[in-house]
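Please walk through this model with the sequence and the structure side by side. The route goes from buried and exposed positions to the sheet, then to the cores and the salt bridges.

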Amino acid sequence: MSQNSPMAPNGAPGINLRGAVDLSALKNRAAAAPSTPSPYAVDVNEQSFQELVQLSSKVPVVVLLGSARSHQSSVVTGVLEGIVNEYGGQLALGRVDVDSSPQIAQAFGASAVPTVVALIKGQPVPMFEGELPAEQIKEFFTELLKVAASNGVTGNLGGAQDPEAPAEPPLPPLHQAARDAIDAGDLLLAQTSYEKALAEMPSDAAAKVGLAQVHLMRRTAELNVADAEALRARAAGDPDDLEATLSVADLDVTGGHVEDAFARIVKFIGTHFGPERDTARVRLLELYDAIGVSDPRVSASRQALARALF
């Protein structure tokens, strides 16, 4: 990863968790806890990382990939917290311990700590590795905000809520239970809540999306870097390995490489028949739900799927 200026992202969020993850806690912390080192910084793990993906549609999210074993990581953390404070809610900072959350580091392709990347609309933006002077980091942040603005990401975490803005309606009880369960890291309970919501109302599109997202999070939650590398090697070495194909597609989606994930499964469907083809098709449709059926990448993949099937 170079220390060049960040590049503009090329799409919408990898995963849209509207209705599945409550981001209000981060915003409330920003407004109510100015005595912390940075009210705009949170610790992030593999379960809560999806919150940052959604937040990056509102403000640019700086992600620090560090380690408690690295003194340099501690130094960079302090510098970043101070700089993020200066921007008054225009940026958020997510602190990731790569020792306890290796999958996040793998998703970004980080090979050293500390590594600093960013997210805009769910898309990764390379920034820098190691220590840099504060003034140079501010230059990166200035460029990051320009890229964000060009992509319509101009929110602020620290501003007071517009009194004329309509409040979001409360979620249905089972949806709220699922969201609370995700916040608590209980993905099984979240899945059960969405399943109950769908049993009560099979046409509940939001519950269908939430369930697909929770399925994806559950499938990838236990994978570490070694597992991910082994799965990618299996998929590359054996195009007929359905399990590896689907698992790598999951990793691609969680890493923001949505088109790659879709193309991988469509290719499998186009070259296989019988039960394996149907299993791959069902998984692909679920990933469409997880991303959002109105996403242009889903529309493009549906066309490719139709060609593969017919």
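Buried means under 20% relative accessible area and exposed means over 50%, with partly exposed in between (1.4 Å probe, protein chains only). By that scale Arg264 is partly exposed, because its relative accessible area is 29%. Keep the scale in mind, as it returns below.

The model is predicted: local features need pLDDT of at least 70, side-chain atom pairs count only at pLDDT 80 or more, and totals for chains, interfaces and linings use all residues. Residues are numbered from 1 along each chain as its sequence is written, and side-chain values use heavy atoms, with hydrogens and water left out.

Start with the sheet. Helices (H or I, at least four residues) and strands (E, at least two) are DSSP runs, numbered from the N terminus. Two strands pair if DSSP finds at least two bridges between them. Five strands make an open sheet in the order β1-β3-β2-β4-β5, and the pairing is mixed. β1 (41-44) and β5 (123-129) stand at the edges; each has a single partner strand, so one side of each is left without a neighbour in the sheet. From one strand to the next, the twist averages 25°. Such angles run from 0 to 180 degrees between N-to-C directions, and the axes are lines fitted to C-alpha atoms, for helices over the stretch in contact.

Now take the pairs. β1 runs parallel to strand β3 (residues 92-97), with four bridges. Here Ala41 sits opposite Leu93 of β3. Strand β2 (residues 61-66) is antiparallel to β4, with five bridges. Val62 has Ala118 in β4 as its bridge partner. β4 and β5 are also paired in the antiparallel sense, over six bridges. Leu119 stands opposite Pro124 in β5.

Look harder at β4 (115-120). How many of its six residues are buried? Six of the six are, so β4 is largely enclosed by the rest of the structure. In a regular strand the side chains alternate between the two faces of the sheet. In β4, Thr115, Val117 and Leu119 point one way, while Val116, Ala118 and Ile120 point the other way; all are buried.

Both ends of β4 lead into loops worth a look. Pro114 lies in the loop between α4 (102-108) and β4. The peptide bond from Val113 to Pro114 is cis, with omega near -5°. On the other side, Lys121 lies in the loop between β4 and β5. These two strands form a hairpin with two residues between them, and Lys121 in the turn has a positive phi of about 50°. Lys121 counts as partly exposed because its relative accessibility is 27%.

Next, the interior. In soluble globular proteins, nonpolar side chains tend to be buried together. A nonpolar core is a set of buried Ala, Val, Leu, Ile, Met, Phe, Trp, Tyr and Cys residues joined through side-chain atoms within 4.5 Å. The largest one here has 45 residues, of which Leu52, Val63, Leu80 and Phe141 touch the most other members. Helix α5 (residues 134-150) gives the most to this core, with seven residues. Which residues does Phe141 contact, leaving aside its neighbours within four places in sequence? They are Val62, Leu80, Ile83, Val84, Tyr87, Leu91 and Met127. Contact means heavy atoms within 4.5 Å. A second, separate core has 20 residues, including Leu246, Ala249, Phe268 and Leu305.

Finish with charge. A salt bridge is a side-chain nitrogen of Lys or Arg within 4 Å of a carboxyl oxygen of Asp or Glu. The structure holds 16 of them. In one, Glu81 meets Arg95 at 2.3 Å, N to O. Glu81 is in helix α3 (residues 71-86) and Arg95 is in strand β3, 14 residues apart. Both Glu81 and Arg95 are buried.

Asp252 takes part in two salt bridges. The first to visit is with Arg232, at 3.0 Å, N to O. Arg232 lies in helix α9 (residues 225-237) and Asp252 in helix α10 (residues 242-254), so the pair ties together parts that are 20 residues apart in sequence. Arg232 is partly exposed, at 28% relative accessibility, whereas Asp252 is buried, at 4%. Asp252 also meets Arg264, at 3.7 Å, N to O. That pair links helix α10 with helix α11 (residues 258-271), twelve residues apart. Elsewhere, Arg219, Asp250, Arg283 and Glu286 are linked in a network of salt bridges.
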